[in-house]
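Okay, thanks everyone, I'll keep this short. Have a look at the model on the screen, and then I'll walk you through a few parts of it.

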Amino acid sequence: MYSLSEDLNLALALADAADTISRARFTALDLVVTTKPDRTPVTDADQAVERAIRGLLAEQRPDDGILGEEFGIIGSTTRQWIIDPIDGTAGFLRGIPIWATLLSLAVDGVPVLGVVSAPALGKRWWAAAGSGAWSIDTRTADDTPLRLRVSGIDTLAEASISYGSLQQWDAAGHLDELVDLSRQVWRTRAYGDMWSYMLLAEGHLDVAGEFDLQPYDMAALAPIVQEAGGTFTSVDGQPGPWHGSALATNGLLHAATLAVLNPGQALS
């Protein structure tokens, strides 16, 4: 019923609405923070953003399904909007600006567009299948989108990587493999959350990966990385945001990185 261009325009409008709410609550002295059953924090801003997005989708795409971090799944999975209202809540509540609203539309389980909006960083990134990946700096008067392209680094020895957190790799039983990878690359950092993947799409990093993820953590990232020329899978090489981990590279380094992180395993 809708073109991908129309869906992308809607996603960007949803991001505008989300930014208005989240920006006003960032560093608010009366921010309400509670703990979910999985022991992760949630703020009133997370919930307000997701409610606003769900309300707009009910008006604009009433037949589509929704998967959101805070309020779960409703409706069809044939066309499913996937929402992380504030990716990086732990940083958000501590006043750290590395957080964003993540929005994606998956068609038959495949994310076909992604929007990452980070108002505290003054950045927004987006992509739709076949249309490239783009960004704008919302702090400037120039709103001309910049097309994104991953790096051309083709050896691990020259690569800069971001790995999320040591605790995640340790809990997943892959800490030794991460250390092995760190010994083979030029530079390691842990930039955190969505920012690692956006830096990769911009060509500033060459590899990004982490564990302990949900589909709403990844669905918006994958189209942006892929449309920028990169590759996005799980750490063991499975496509899509459904497998609990993420490995994004500039494409040139994907096979080599998978081999280091999965020693002795036959990968597709």
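I'll go through a sheet, a couple of backbone oddities, a helix and a cavity. One thing up front: this is a predicted model.

So, the sheet. It's an open one with eight strands, the pairing is mixed, and the order reads 4-3-5-6-7-8-9-10. At the edges you've got strand 4, residues 72–74, and strand 10, residues 146–147, and each of those pairs on one side only. If you zoom in on strand 7, residues 110–118, and strand 8, residues 123–128, you'll see them paired antiparallel, over six bridges. To pick out one pair there, Ser117 has Arg124 in strand 8 as its bridge partner.

Now, what lies across these strands? That's helix 1, residues 4–25, which lies across strands 5, 6, 7 and 8 and runs at about 30° to strand 7.

Okay, backbone angles. As a reminder, most residues other than glycine have a negative phi. Here Thr27 goes the other way, with a positive phi of about 65°. You'll find Thr27 in the loop between helix 1 and strand 1. Buried or exposed, then, for Thr27? Thr27 counts as exposed because its relative accessibility is 54%, and the cut-off is over 50%.

Asp212 is another non-glycine with a positive phi, near 60°. Asp212 sits in the loop between strand 13, residues 207–211, and helix 7, residues 215–218. Asp212 is exposed too, at 61% relative accessible area.

Moving on to helix 6, residues 193–201. Seven of its nine residues are buried, so helix 6 is largely enclosed by the rest of the structure. Among the buried ones are Met194, Tyr197, Met198 and Leu200. Right after helix 6 comes Gly203, and its phi is positive as well, near 90°.

Last bit: empty space. How many cavities of 30 Å³ or more does the structure hold? One. Its volume is about 40 Å³. The lining includes Ile161, Tyr163, Trp169, Leu178, Leu247 and Leu261. Strand 11, helix 5 and strand 13 each supply at least two of the lining residues, and strand 13 gives the largest share, with three. By class, you're looking at nine nonpolar residues, two polar ones and no charged ones in that lining.

That's my tour, so over to you for questions.

How values were computed. Residues are numbered from 1 along each chain as its sequence is written. This is a predicted model: local features need pLDDT of at least 70, side-chain atom pairs count only at pLDDT 80 or more; totals for chains, interfaces and linings use all residues. Side-chain values use heavy atoms; hydrogens and water are left out. Two strands pair if DSSP finds at least two bridges between them. Helices (H or I, at least four residues) and strands (E, at least two) are DSSP runs, numbered from the N terminus. Contact means heavy atoms within 4.5 Å. Axes are lines fitted to C-alpha atoms, for helices over the stretch in contact, and angles run from 0 to 180 degrees between N-to-C directions. Buried means under 20% relative accessible area, exposed over 50%, partly exposed in between (1.4 Å probe, protein chains only). On a 1 Å grid over the protein atoms alone, a cavity is a set of points where a 1.4 Å probe fits but cannot get out, and a pocket is an open set with protein on both sides within 12 Å along at least five of seven lines; lining residues have an atom within 4 Å of a point. Grid points are joined across faces, edges and corners, and a volume is the space filled by probe spheres set on the points. Ala, Val, Leu, Ile, Met, Phe, Trp, Tyr, Cys and Pro count as nonpolar, Asp, Glu, Lys and Arg as charged, and the others, Gly among them, as polar.
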